[in-house]
Amino acid sequence: TVPGRVAALILGGPSSNFTPNELYSERPSSQVLVHRLCVFLRLVAQHPFLREEIDKPQAELAVQLVRKVTVDACALCAGLPGATLKTFTPFSFRHPDAKALAPTYRAALPALLQGVATAYELGWSAEETRLQ
């Protein structure tokens, strides 16, 4: 389906593992991941017909990405001291980029939280949906 192809293009491949793009440094790769995920979440929120068209693997991938990036965003936006933040193992950024990426994640947080609510509302699930 066309919406399924759009979701695949925006979310990326079938793997939910974040790997930096070799064409960019790690910071822009993190920014691209966050922006692509936010675009996907905004499209799903604004166009309800897309919700029914997204197949189960894409929904599970979206839930996993939303969960992991939301946890990263919360860690960055919490204002933790650098030493405390270094004990956290992020999914979508590297520790040296944390301070520079905080505004990107702060701006994305409303869309990410809306994505969590949408996923819950639609019954989308994945193995790792609980925030621990």
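**Exercise 1. Work out which pattern of elements the chain follows, read along the sequence.**

Step 1: get the ground rules down. This is a predicted model, where local features need pLDDT of at least 70 and side-chain atom pairs count only at pLDDT 80 or more, while totals for chains, interfaces and linings use all residues. Residues are numbered from 1 along each chain as its sequence is written, and side-chain values use heavy atoms, with hydrogens and water left out.

Step 2: assign the elements. Helices (H or I, at least four residues) and strands (E, at least two) are DSSP runs, numbered from the N terminus. The chain has six helices and zero strands, and the pattern reads α-α-α-α-α-α.

Step 3: check burial, with buried meaning under 20% relative accessible area, exposed over 50%, and partly exposed in between (1.4 Å probe, protein chains only). Of the 132 residues, 42% count as buried.

Step 4: look at contacts (heavy atoms within 4.5 Å). Among those between residues at least 6 apart in sequence, 77% join residues at least 24 apart.

**Exercise 2. Find the side chains that meet in a salt bridge, and say what the pair ties together.**

Step 1: apply the cut-off, a side-chain nitrogen of Lys or Arg within 4 Å of a carboxyl oxygen of Asp or Glu. The count comes to one salt bridge.

Step 2: name the partners. They're Arg 27 and Asp 97, at 3.4 Å, N to O. Arg 27 sits in helix α2 (residues 26-46) and Asp 97 in the loop between α5 (82-85) and α6 (98-122), so the pair links parts that are 70 residues apart in sequence.

Step 3: check accessibility. Arg 27 is partly exposed at 34%, whereas Asp 97 is buried at 11%.

**Exercise 3. Test whether the span of α4 agrees or disagrees with its number of residues.**

Step 1: compute the expected span, which is 1.5 Å times one less than the number of residues. For the 22 residues of α4 that gives 32 Å; the end C-alpha atoms are 31 Å apart, which agrees.

Step 2: see how covered α4 is. Of its 22 residues, 16 are buried, so "mostly covered" is a fair label by the under 20% rule. Arg 67 lies in this helix and counts as buried too, at 17%.

Step 3: look beyond the helix. Just after α4, Gly 79 takes a positive phi of about 70 degrees. As for Arg 67, its C-alpha atom is 9.1 Å from that of Gly 115, which is 48 residues away along the chain.

**Exercise 4. Describe the lining of the second largest cavity.**

Step 1: find the cavities. On a 1 Å grid over the protein atoms alone, a cavity is a set of points where a 1.4 Å probe fits but cannot get out, and lining residues have an atom within 4 Å of a point. There are two cavities of 30 Å³ or more. The second largest holds about 40 Å³, a volume being the space filled by probe spheres set on the points.

Step 2: list the lining. It's made up of Leu 41, Val 44, Ala 62, Val 66, Gly 115, Thr 118, Ala 119 and Trp 124. At least two residues each come from α2, α4 (56-77) and α6, with α6 giving the largest share, three.

Step 3: sort by class. Ala, Val, Leu, Ile, Met, Phe, Trp, Tyr, Cys and Pro count as nonpolar, Asp, Glu, Lys and Arg as charged, and the others, Gly among them, as polar. That yields six nonpolar, two polar and no charged residues.

Step 4: zoom in on Thr 118, in helix α6. Thr 118 is buried at 5% and touches Val 44 and Arg 51, not counting residues up to four places away in sequence.

Technical notes: 1 Å grid on protein atoms, 1.4 Å probe; cavity = no way out; pocket = protein on both sides within 12 Å on 5 of 7 lines; lining within 4 Å.
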